[in-house]
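Trainee: I'm new to reading protein models. Could you show me one and let me ask about it bit by bit?

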Amino acid sequence: MLVAVRAEPAPARAAGAAAAPGAGAGVARRSADRLTAAVRLGPVLLANVQVLLFLVLALVLFGIEAWALIDCARRPAGAFLAAGKRTKNFWLVLTAAAAVVGFIAIPPPLGLGLFTGFLQFFAVIPAGVYLADVRPAVSSYGGGRRPPRSGGGW
(Lines give C-alpha, C1' and ligand atoms only; values in the text may rest on other atoms or scores of the structure.)
Protein backbone atom coordinates (compact mmCIF):
# COMPACT_ATOMS: atom_id res chain seq x y z
CA MET A 1 0.00 0.00 0.00
CA LEU A 2 1.54 3.26 -1.08
CA VAL A 3 0.68 6.52 0.57
CA ALA A 4 1.10 9.70 -1.46
CA VAL A 5 2.32 12.71 0.43
CA ARG A 6 1.66 16.05 -1.26
CA ALA A 7 4.59 18.40 -1.10
CA GLU A 8 3.75 22.08 -0.93
CA PRO A 9 6.17 24.56 -2.52
CA ALA A 10 7.97 26.87 -0.15
CA PRO A 11 6.85 30.49 -0.33
CA ALA A 12 9.26 32.79 -2.17
CA ARG A 13 11.03 35.39 -0.04
CA ALA A 14 13.25 38.23 -0.87
CA ALA A 15 17.00 37.79 -0.65
CA GLY A 16 18.27 38.65 2.78
CA ALA A 17 14.78 38.73 4.32
CA ALA A 18 14.42 37.01 7.64
CA ALA A 19 12.07 34.09 7.98
CA ALA A 20 8.71 34.96 9.39
CA PRO A 21 7.80 33.49 12.76
CA GLY A 22 5.98 30.17 12.31
CA ALA A 23 7.61 29.49 8.91
CA GLY A 24 8.77 26.09 10.15
CA ALA A 25 5.17 25.03 10.80
CA GLY A 26 4.81 23.70 7.25
CA VAL A 27 7.84 21.48 7.68
CA ALA A 28 6.58 20.22 11.03
CA ARG A 29 3.16 19.50 9.55
CA ARG A 30 4.69 17.53 6.65
CA SER A 31 6.81 15.51 9.12
CA ALA A 32 3.73 14.76 11.18
CA ASP A 33 1.86 13.65 8.03
CA ARG A 34 4.68 11.28 7.11
CA LEU A 35 4.79 9.89 10.64
CA THR A 36 1.02 9.39 10.64
CA ALA A 37 1.24 7.54 7.30
CA ALA A 38 3.98 5.29 8.69
CA VAL A 39 1.94 4.55 11.80
CA ARG A 40 -1.06 3.63 9.65
CA LEU A 41 1.12 1.42 7.43
CA GLY A 42 2.62 -0.54 10.38
CA PRO A 43 -0.43 -2.69 11.15
CA VAL A 44 -0.85 -3.49 7.46
CA LEU A 45 2.70 -4.82 7.24
CA LEU A 46 2.26 -6.78 10.46
CA ALA A 47 -0.95 -8.32 9.15
CA ASN A 48 0.79 -9.38 5.93
CA VAL A 49 3.58 -11.05 7.91
CA GLN A 50 1.01 -12.87 10.05
CA VAL A 51 -0.87 -14.12 6.98
CA LEU A 52 2.38 -15.34 5.44
CA LEU A 53 3.40 -17.19 8.62
CA PHE A 54 -0.04 -18.76 8.94
CA LEU A 55 0.13 -19.85 5.29
CA VAL A 56 3.52 -21.49 5.79
CA LEU A 57 2.30 -23.24 8.95
CA ALA A 58 -0.83 -24.52 7.18
CA LEU A 59 1.27 -25.86 4.29
CA VAL A 60 3.63 -27.66 6.68
CA LEU A 61 0.70 -29.24 8.53
CA PHE A 62 -0.90 -30.31 5.25
CA GLY A 63 2.42 -31.81 4.15
CA ILE A 64 2.56 -33.93 7.32
CA GLU A 65 -1.04 -35.08 6.77
CA ALA A 66 -0.38 -35.95 3.12
CA TRP A 67 2.80 -37.84 4.07
CA ALA A 68 0.86 -39.94 6.60
CA LEU A 69 -1.91 -40.66 4.07
CA ILE A 70 0.48 -41.71 1.29
CA ASP A 71 2.57 -43.86 3.64
CA CYS A 72 -0.54 -45.55 5.01
CA ALA A 73 -1.81 -46.30 1.50
CA ARG A 74 1.50 -47.93 0.53
CA ARG A 75 1.61 -50.37 3.45
CA PRO A 76 0.08 -53.86 3.08
CA ALA A 77 -3.15 -54.49 5.01
CA GLY A 78 -1.73 -57.58 6.75
CA ALA A 79 1.09 -55.53 8.29
CA PHE A 80 -1.34 -53.57 10.46
CA LEU A 81 -2.89 -56.69 11.99
CA ALA A 82 0.47 -58.43 12.35
CA ALA A 83 1.82 -55.42 14.26
CA GLY A 84 -1.19 -55.42 16.59
CA LYS A 85 -2.55 -52.10 15.33
CA ARG A 86 -5.98 -51.06 14.03
CA THR A 87 -6.87 -52.01 10.45
CA LYS A 88 -5.48 -50.31 7.38
CA ASN A 89 -8.93 -48.99 6.45
CA PHE A 90 -9.25 -47.31 9.85
CA TRP A 91 -5.95 -45.48 9.42
CA LEU A 92 -6.70 -44.64 5.80
CA VAL A 93 -10.02 -43.02 6.76
CA LEU A 94 -8.43 -41.12 9.65
CA THR A 95 -5.45 -39.82 7.68
CA ALA A 96 -7.62 -39.02 4.63
CA ALA A 97 -10.02 -36.99 6.77
CA ALA A 98 -7.06 -35.17 8.33
CA ALA A 99 -5.61 -34.41 4.88
CA VAL A 100 -8.96 -33.11 3.58
CA VAL A 101 -9.41 -30.81 6.58
CA GLY A 102 -5.79 -29.66 6.24
CA PHE A 103 -6.26 -28.93 2.54
CA ILE A 104 -9.47 -26.98 3.07
CA ALA A 105 -7.85 -25.02 5.92
CA ILE A 106 -5.06 -23.56 3.77
CA PRO A 107 -5.53 -19.76 3.90
CA PRO A 108 -7.02 -17.83 0.95
CA PRO A 109 -3.96 -16.90 -1.11
CA LEU A 110 -3.62 -20.62 -1.99
CA GLY A 111 -6.66 -22.34 -0.54
CA LEU A 112 -10.18 -21.90 0.72
CA GLY A 113 -9.46 -21.08 4.35
CA LEU A 114 -12.76 -22.53 5.57
CA PHE A 115 -11.50 -24.26 8.71
CA THR A 116 -9.26 -21.57 10.12
CA GLY A 117 -8.26 -21.65 13.72
CA PHE A 118 -7.63 -24.71 15.80
CA LEU A 119 -9.42 -27.25 13.59
CA GLN A 120 -6.42 -27.58 11.30
CA PHE A 121 -4.20 -28.17 14.35
CA PHE A 122 -6.55 -30.90 15.56
CA ALA A 123 -6.51 -32.49 12.11
CA VAL A 124 -2.77 -33.12 12.25
CA ILE A 125 -3.11 -35.23 15.44
CA PRO A 126 -4.18 -38.49 13.71
CA ALA A 127 -1.40 -38.03 11.15
CA GLY A 128 1.11 -37.52 13.96
CA VAL A 129 -0.11 -40.59 15.83
CA TYR A 130 0.17 -42.65 12.65
CA LEU A 131 3.69 -41.41 11.88
CA ALA A 132 4.95 -41.76 15.46
CA ASP A 133 3.30 -45.03 16.53
CA VAL A 134 1.83 -47.04 13.68
CA ARG A 135 4.38 -46.40 10.92
CA PRO A 136 7.40 -47.74 12.88
CA ALA A 137 5.41 -50.83 13.88
CA VAL A 138 4.25 -51.72 10.35
CA SER A 139 7.44 -50.71 8.52
CA SER A 140 9.15 -54.03 9.25
CA TYR A 141 6.35 -55.96 7.49
CA GLY A 142 6.98 -54.55 4.03
CA GLY A 143 5.50 -51.88 1.84
CA GLY A 144 6.80 -48.37 1.62
CA ARG A 145 10.22 -47.94 0.03
CA ARG A 146 11.57 -51.07 -1.64
CA PRO A 147 15.29 -51.87 -1.74
CA PRO A 148 16.92 -51.75 -5.18
CA ARG A 149 17.33 -55.03 -7.02
CA SER A 150 20.73 -56.60 -7.13
CA GLY A 151 22.06 -57.84 -10.38
CA GLY A 152 21.49 -56.74 -13.93
CA GLY A 153 18.38 -56.67 -15.97
CA TRP A 154 18.28 -58.79 -19.08
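What follows is a chat about this model, going from the whole chain to single residues.

Trainee: What does the secondary structure of the protein chain come to?
Mentor: Keep in mind that this is a predicted model. Reading along the sequence, you meet the pattern α-α-α-α. The count is four helices and zero strands.

Trainee: How much of the protein chain counts as buried?
Mentor: A residue is called buried when its relative accessible area is under 20%. The protein chain has 154 residues, and the share of them that passes as buried is 21%.

Trainee: Okay, and how many residues does helix α4 have, and what does it reach from end to end?
Mentor: Helix α4 runs over residues 119-138, which gives 20 residues. At 1.5 Å a residue you'd expect 28 Å, and the span from the first C-alpha to the last is close to that. So you have 20 residues reaching 28 Å.

Trainee: Where is the kink in α4 centred?
Mentor: The kink comes to about 35°. Look along α4 for one of its buried residues, a leucine that also belongs to the largest nonpolar core. The kink is centred on Leu 131.

Trainee: Which helix supplies the largest share of the largest nonpolar core?
Mentor: That core has ten residues, among them Ala 68, Cys 72, Phe 80 and Trp 91. Helices α1, α2 and α4 each give at least two residues to this core. The largest share is five residues, and it comes from α4.

Trainee: Let's zoom in on Gln 120. Is Gln 120 buried or exposed?
Mentor: Gln 120 sits in helix α4. Outside its neighbours within four places in sequence, Gln 120 is in contact with Phe 54, Ala 58, Leu 61, Glu 65, Ala 105 and Phe 115. Its relative accessible area is 3%, so Gln 120 is buried.

Trainee: You mentioned Ala 58. How far apart in space are Ala 58 and Ile 106?
Mentor: Ala 58 is part of helix α1, which covers residues 25-74. Leaving out neighbours within four places, the contacts of Ala 58 are Ala 105, Ile 106, Pro 107 and Gln 120. In sequence, Ala 58 and Ile 106 are 48 residues apart. In space, C-alpha to C-alpha, they are 5.5 Å apart.

Trainee: Which share of the contacts with a separation of 6 or more comes from residues 24 or more positions apart?
Mentor: Ala 58 and Ile 106 give you an example, being in contact and 48 residues apart in sequence. Across the protein chain, the share for residues 24 or more positions apart is 70%.

Trainee: Now helix α3. Why does Thr 95 count as buried?
Mentor: Thr 95 has its place in helix α3. Past its neighbours within four places in sequence, Thr 95 is in contact with Glu 65, Ala 68, Leu 69, Cys 72 and Tyr 130. Thr 95 counts as buried because its relative accessibility is 0%.

Trainee: What about rings: why is the pair of Phe 62 and Phe 103 called tilted?
Mentor: The structure holds four aromatic pairs. In the pair of Phe 62 and Phe 103, the ring centres are 5.6 Å apart. Planes under 30 degrees apart would count as stacked and over 60 as edge-to-face. Here the planes are at 50°, so the pair is tilted.

Trainee: And which parts does the pair of Trp 91 and Tyr 130 tie together?
Mentor: Trp 91 and Tyr 130 form a tilted pair too, at 6.0 Å centre to centre and 50° between the planes. Both Trp 91 and Tyr 130 are buried. Trp 91 lies in one helix and Tyr 130 in another, so the pair ties together parts 39 residues apart in sequence: helix α3 and helix α4.

Trainee: Last one! Which residue lies over the face of Phe 90?
Mentor: Phe 90 belongs to one aromatic cluster with Trp 91 and Tyr 130. Over the face of Phe 90, at 4.1 Å from the ring centre, lies Arg 86.

Notes. Residues numbered from 1 in each chain as written. Predicted model: local features only at pLDDT ≥ 70, side-chain atom pairs only at ≥ 80, totals over all residues. Heavy atoms only, no water. Bend = angle between axes of the 7 residues up to and from the residue. Buried < 20%, exposed > 50% of the residue type's maximum accessible area, 1.4 Å probe, protein only. Contact = heavy atoms within 4.5 Å. Core = buried A, V, L, I, M, F, W, Y, C linked by side-chain atoms within 4.5 Å. Phe/Tyr/Trp six-rings, centres within 6.5 Å; stacked < 30°, edge-to-face > 60°. Lys NZ or Arg CZ within 6 Å of the ring centre and 35° of its normal.
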